[in-house]
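Colleague: Could you take me through this structure? I would like to start with the ligand and then turn to the core.

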Amino acid sequence: MTDLPLPDAPDPGAPDPDAIAANLARIKARIAAAAEAAGRDPAGVTLVAVSKTHPAEAVRAALAAGQAVFGENRVQEAAAKFPGLRAEFPAMRLHIIGGLQTNKARDAVRVADVIESLDRPKLAAAIAEAIRKEGRAPELLVQVNTGAEPQKSGVARDEASAFLRACREEHGLAISGLMCIPPEGEDPLPHFRWLAEFAAREGLKTLSMGMSGDFEAAIACGATQVRVGSAIFGTRPRPATA
Ligand SMILES: *Cc1c(COP(=O)(O)O)cnc(C)c1O
């Protein structure tokens, strides 16, 4: 006996549009329920569908199901996947949510509607220069490394306030909010609460927090954007860099 697949066996890696549409409907219902349980308007929570490592056909299936907002970790992958889709679906929006190298700032400014991973002065300077050169300004969120994890992007908690001020005053950047990724395996609630309180102190309205495993907790703490990948698109075909 061999393990060769039957000639008509479906490609196990091919996206299933019906499953993606059903997952999206389920996640949206859970977002609405979590918002209502917190006494919030469900319209105040944006679902960012994280499509990193999944092919353009998976994104197309989500777009066809009415999903307009997507998140990608890597600028090059996003630049390869999205411009073609944008021609077909002009309302779509792309968030860059992964750690951003300074030399990718210009590409990020060109392709993204929102950059969620602004976390250091050099990157702020590069983004400001790219905005001037491209004549196009994505919305910007500052990522805070709330768990002080050395391998993770994000400004340290105790440097976040000074960094926000530098973004505004030295680089002329408008910052609309904050993003965090709590450490894996830890209770995310203290991280979500800290980010929400810090945002309130800084007068920032947009809070990007919560992923497949914890978006309901994030909504209870005030998330205005949740970034959900595997619960929509399934497990990732290959690991993605954070
Ligand atoms: C991959 C990723 C997500 C989505 O994670 P899931 O657990 O698949 O929902 C959210 N945010 C960031 C920054 C990510 O890199």
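Modeller: The ligand comes first, then one helix residue, then the nonpolar core. This is a predicted model, in which local features need pLDDT of at least 70, side-chain atom pairs count only at pLDDT 80 or more, and totals for chains, interfaces and linings use all residues. Residues are numbered from 1 along each chain as its sequence is written, and side-chain values use heavy atoms, with hydrogens and water left out.

Colleague: Which residues are around the ligand?

Modeller: The residues around the ligand, meaning those with a heavy atom within 4 Å of it, are V50, K52, N73, I97, I181, M211, S212, R227, V228, G229, S230 and R236.

Colleague: And by class, what does the shell have?

Modeller: The shell has five nonpolar, four polar and three charged residues. Here Ala, Val, Leu, Ile, Met, Phe, Trp, Tyr, Cys and Pro count as nonpolar, Asp, Glu, Lys and Arg as charged, and the others, Gly among them, as polar.

Colleague: Which ligand atom is 2.6 Å from the side chain of K52?

Modeller: An oxygen atom of the ligand is at that distance from an N or O atom in the K52 side chain. For R227, a polar side-chain atom lies 2.8 Å from a ligand nitrogen atom. S230 uses its backbone: an N or O atom there lies 2.8 Å from an oxygen atom of the ligand.

Colleague: How much of the ligand's accessible area does the protein cover?

Modeller: The protein covers 92% of the 390 Å² that the ligand has on its own, by the Shrake-Rupley method with a 1.4 Å probe.

Colleague: Changing topic, is E77 buried or exposed?

Modeller: E77 is buried, because its relative accessible area is 14%; buried means under 20%, exposed over 50% and partly exposed in between, with a 1.4 Å probe and protein chains only. E77 is found in helix α3, residues 75-88.

Colleague: Now the largest nonpolar core: how many residues has it?

Modeller: The largest nonpolar core has 67 residues, and L118, I127, L173, L178 and M209 have the most contacts inside it. Such a core is a set of buried Ala, Val, Leu, Ile, Met, Phe, Trp, Tyr and Cys residues joined through side-chain atoms within 4.5 Å. Helix α5, residues 121-134, gives the largest share of this core, seven residues.

Colleague: Where does L118 lie?

Modeller: L118 lies in strand β4, residues 114-118. L118 counts as buried because its relative accessibility is 0%.

Definitions and conventions. Polar contact = N/O pair within 3.5 Å; in protein donor to acceptor, adjacent residues only side chain to side chain. Helix = DSSP H or I, 4+ residues; strand = E, 2+ residues; numbered from the N terminus.
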